[in-house]
Amino acid sequence: MAPGLDFSDWWAKDTRKGTPVVVKMENPNYSVVEIDDPDAAFRPVEKSRGKNAKQVTWVLLLKAHRAVGCVAWIATLFWALLGAVKKRLIFRQDVGMASEKLGKGKLLFTVIKAFLVTSLTILAFEIVAYFYGWHYFQNPSLHIPRTTDIQGLFHLVYVTWLCFRADYIAPLIQALSKFCVALFLIQSADRLILCLGCFWIKYKKIKPRIVGDPFNSNDVEGSGYQYPMVLVQIPMCNEREVYEQSISAVCQLDWPKDRLLIQVLDDSDDESIRCLIKAEVAAWNQRGVNIIYRHRLVRTGYKAGNLKSAMSCEYVKAYEFVAIFDADFQPNPDFLKKTVPHFKDNPELGLVQARWSFVNKDENLLTRLQNINLCFHFEVEQQVNGVFLNFFGFNGTAGVWRIKALEESGGWLERTTVEDMDIAVRAHLNGWKFIFLNDVKVLCEVPESYEAYRKQQHRWHSGPMHLFRLCLPAIVTSKIAIWKKANLILLFFLLRKLILPFYSFTLFCIILPLTMFVPEAELPVWVICYVPVFMSFLNILPAPKSFPFIVPYLLFENTMSVTKFNAMVSGLFKLGSSYEWVVTKKAGRSSESDLLAAAERESETTNEPQIHSSASETELTELNRLKTVPVQVKRVNKIYRKELTLAFLLLTASVRSLLAAQGVHFYFLLFQGVTFLLVGLDLIGEQMS
């Protein structure tokens, strides 16, 4: 019989080579395999073919082994990254305290370990489930959802979320955002009015002036009736880096020696530092300066307790005025001659406040941004309030008080960490007036590290809220005018100390990120872009050289609102950290003129060996040993990488907002998230420190 030809097989299959061989087995336990050609055995098996259970098991075990290896590799990499971050945070501080810092960072690593253990537990459960046959493909009783079922479930969940978001979440966010926007506009209007007042002062050249010439240059130094008795106080605590330059600057004040007394109020608990300060005081005393050293045995009340103890001395009654300088302040020799004469023929004047000037304002980006805020504080807030209201918050240093005003106001109280603001409010309630001298500047330092700055800001923002709770009854029952009461309660405390950190944190750190998930509550562009930029320009006007830093300044202020809000809440509700005082770390910076003066004094000391004539050679050797401290390399213009990253992100967001208003929202959220990440890293580093 002729063979049958099936041409369809020719078109459906590839061209075959060789002779087909068919192998048939009669045993039903074996399968039949058809080999068409020699290469067929090496071709991939069709997916429709069945697989041996043992082969599937080995394949799954290999995949599980690869998954475990991948997870272990990722965990190792992540742990190495954390180790690198830990070392960077530790060695950025003092290496000698590394062991102590490690003990305080256990919480972070405990959380990380918990996440790792959870991940490994889930992976182990998956492996056990496979061996016990709990997976889908070998247990036919389990229901495997179809694609349409999953799509329908997701659709139902999404629609439910949209309805819940529109009905319940969006109205709450919209109401809170409207409230915060109203507060934001009120605070912006207050700041705009202050700036207009500053422009008016500049235009009219308004400033406190001394009538006549109270110090006749022809008079000899002994004509003491024109020179009132002045007490100068220098409170300090473990100030190894700055004690020498502050004492030196105060001892060179141009004032009759018999009309001046300097008190060095040392609260140091380090014996070596106390010895150094005592030696410095003794050296200036031998030069003829009327200076004494005081150390409290019972160190309570922080700075307020120190000042209160010094004012209780019997000899203080002979003095009429007291000037206060913190340990890092370096007044010019003519400071008293520019401040004390304002009290003449002005019996209602209780305080003369001078302006701060910073020797390290260009040290790094952080100090530059602090300089912007402090310049606005002195140039605008202090000056305008001093000219138009005769009241402002005492800055705690670089000021001269009438001792009678301090005594009638109750003296220094230890109830808060802002004793300077406390005494200023009580003096204002007693009718005393203040003046601010914007042209009299005293050199000082600003914190150069973020950790020191954050602790300082926490004290500056928690203390006023604690003070507000204590002073509110006294303000309401005081005999001052109603408008002065309103200014104290509404503007001085509520608007500038409570509302400012509240709305900035709530509006820009909570509501704005939430609008990404709740678009029904989206904020207008002028709230998140135009008004903040305009207000930032107003803040930078007193420091025009800082205009190139307006971009990081915007981000910096937004980031610090988290710390300020936390401090405000702790002070308002009297939490544990509201009465925490941490001495701000100093670097001991000096201006060029100070360095020249120090060199001259050093040469004079070399030429006058009798200064230490009362000290033995052994004591001098010990003092030189204590003065010898590790030489620190000066870091000039130190810009952190994270600061550059923040500046670049904000710059990108600003440019994008100008090109397309719709892009403002996304980019603002982008650098907002990165900001929180970097701040979190700083907080982790502080916990470890």
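Student: Is Asp 345 buried or exposed?
Tutor: In this predicted model, the relative accessible area of Asp 345 comes to 74%. A residue counts as exposed when that value is over 50%, and Asp 345 is therefore exposed.

Student: Where does Asp 345 lie, and what is its phi?
Tutor: Asp 345 belongs to the loop between H9 and S7, where H9 covers 335–339 and S7 covers 349–358. Most residues other than glycine have a negative phi. Asp 345 is not a glycine, and yet its phi is positive, at about 60 degrees.

Student: Lys 344 lies in the loop between H9 and S7, so how far apart are the C-alpha atoms of Lys 344 and Ile 210?
Tutor: Lys 344 is exposed, with a relative accessible area of 53%. Along the chain, Lys 344 and Ile 210 are 134 residues apart, while the separation of their C-alpha atoms is 8.7 Å.

Student: Is Ala 398, which has a positive phi of about 60 degrees, buried or exposed?
Tutor: Ala 398 is found in the loop between helix H10 (365–388) and strand S8 (399–402). Its relative accessible area is 0%, and since buried means under 20%, Ala 398 is buried.

Student: Turning to the whole protein, what share of the 689 residues is buried?
Tutor: The protein has 20 helices and nine strands, and of its contacts with a separation of 6 or more, 80% are between residues 24 or more positions apart. Among the 689 residues of the protein, the buried share is 43%.

Student: Are H12 and H14 roughly parallel or roughly antiparallel to each other?
Tutor: Helix H12 takes in residues 419–429 and helix H14 residues 482–514, and their axes come within 11 Å and cross at roughly 160 degrees. Angles over 145 degrees count as roughly antiparallel. The crossing of the two helices is right-handed, and the angle means that H12 and H14 are roughly antiparallel.

Student: Which residues of H14 meet H12, and how many residues of that contact are nonpolar?
Tutor: From H12 come Met 421, Val 425, His 428 and Leu 429, and they meet Lys 484, Leu 488, Phe 492, Phe 493 and Lys 497 of H14. Sorted by class, the contact of H12 with H14 has one polar residue and two charged ones, and its nonpolar residues number six.

Student: Is H12 roughly parallel or roughly antiparallel to H13?
Tutor: Helix H13 spans residues 450–477, and it packs with H12 at an angle of about 15 degrees, the axes being 11 Å apart. Angles under 35 degrees count as roughly parallel, so H12 is, in relation to H13, roughly parallel.

Student: Which residues of H13 make the contact with H12?
Tutor: H12 passes H13 in a right-handed crossing. By class, the residues of this contact are eight nonpolar, no polar and one charged. H12 supplies Met 421, Asp 422, Val 425 and Leu 429, and H13 supplies Pro 464, Leu 467, Cys 471, Ala 474 and Ile 475.

Student: What is the angle between the planes of Phe 184 and Tyr 503?
Tutor: The whole structure holds 23 aromatic pairs, and Phe 184 and Tyr 503 form a tilted pair, 5.3 Å centre to centre. Phe 184 sits in helix H5 (residues 147–204) and Tyr 503 in helix H14, 319 residues apart. Phe 184 is buried at 4% relative accessibility, and Tyr 503 is buried with a relative accessible area of 4%. The angle between the planes of Phe 184 and Tyr 503 is 40 degrees.

Student: Is the pair of Phe 505 and Phe 565 stacked or edge-to-face?
Tutor: Phe 505 lies in helix H14 and Phe 565 in helix H16 (residues 550–572), so the pair ties together parts that are 60 residues apart in sequence. Both Phe 505 and Phe 565 are buried. The centres are 4.4 Å apart and the planes differ by 15 degrees, which is described as stacked.

Student: Cys 444 is found in strand S9, so which residues does Cys 444 touch, not counting residues up to four places away in sequence?
Tutor: At 1% relative accessibility, Cys 444 is buried. The C-alpha atoms of Cys 444 and Asp 328 are 5.4 Å apart, although 116 residues separate the two along the chain. Leaving out residues up to four places away in sequence, Cys 444 touches Asp 328, Phe 329, Trp 356, Ser 357, Phe 358, Val 359 and Asn 360.

Key. Residues numbered from 1 in each chain as written. Predicted model: local features only at pLDDT ≥ 70, side-chain atom pairs only at ≥ 80, totals over all residues. Heavy atoms only, no water. Axes fitted to C-alpha atoms, helices over the stretch in contact; angles between N-to-C directions. Helix = DSSP H or I, 4+ residues; strand = E, 2+ residues; numbered from the N terminus. Parallel < 35°, antiparallel > 145°, perpendicular 65-115°, else oblique. Left-handed = near helix turned anticlockwise from the far one by under 90°. Contact = heavy atoms within 4.5 Å. Nonpolar A, V, L, I, M, F, W, Y, C, P; charged D, E, K, R; others polar. Phe/Tyr/Trp six-rings, centres within 6.5 Å; stacked < 30°, edge-to-face > 60°. Buried < 20%, exposed > 50% of the residue type's maximum accessible area, 1.4 Å probe, protein only.
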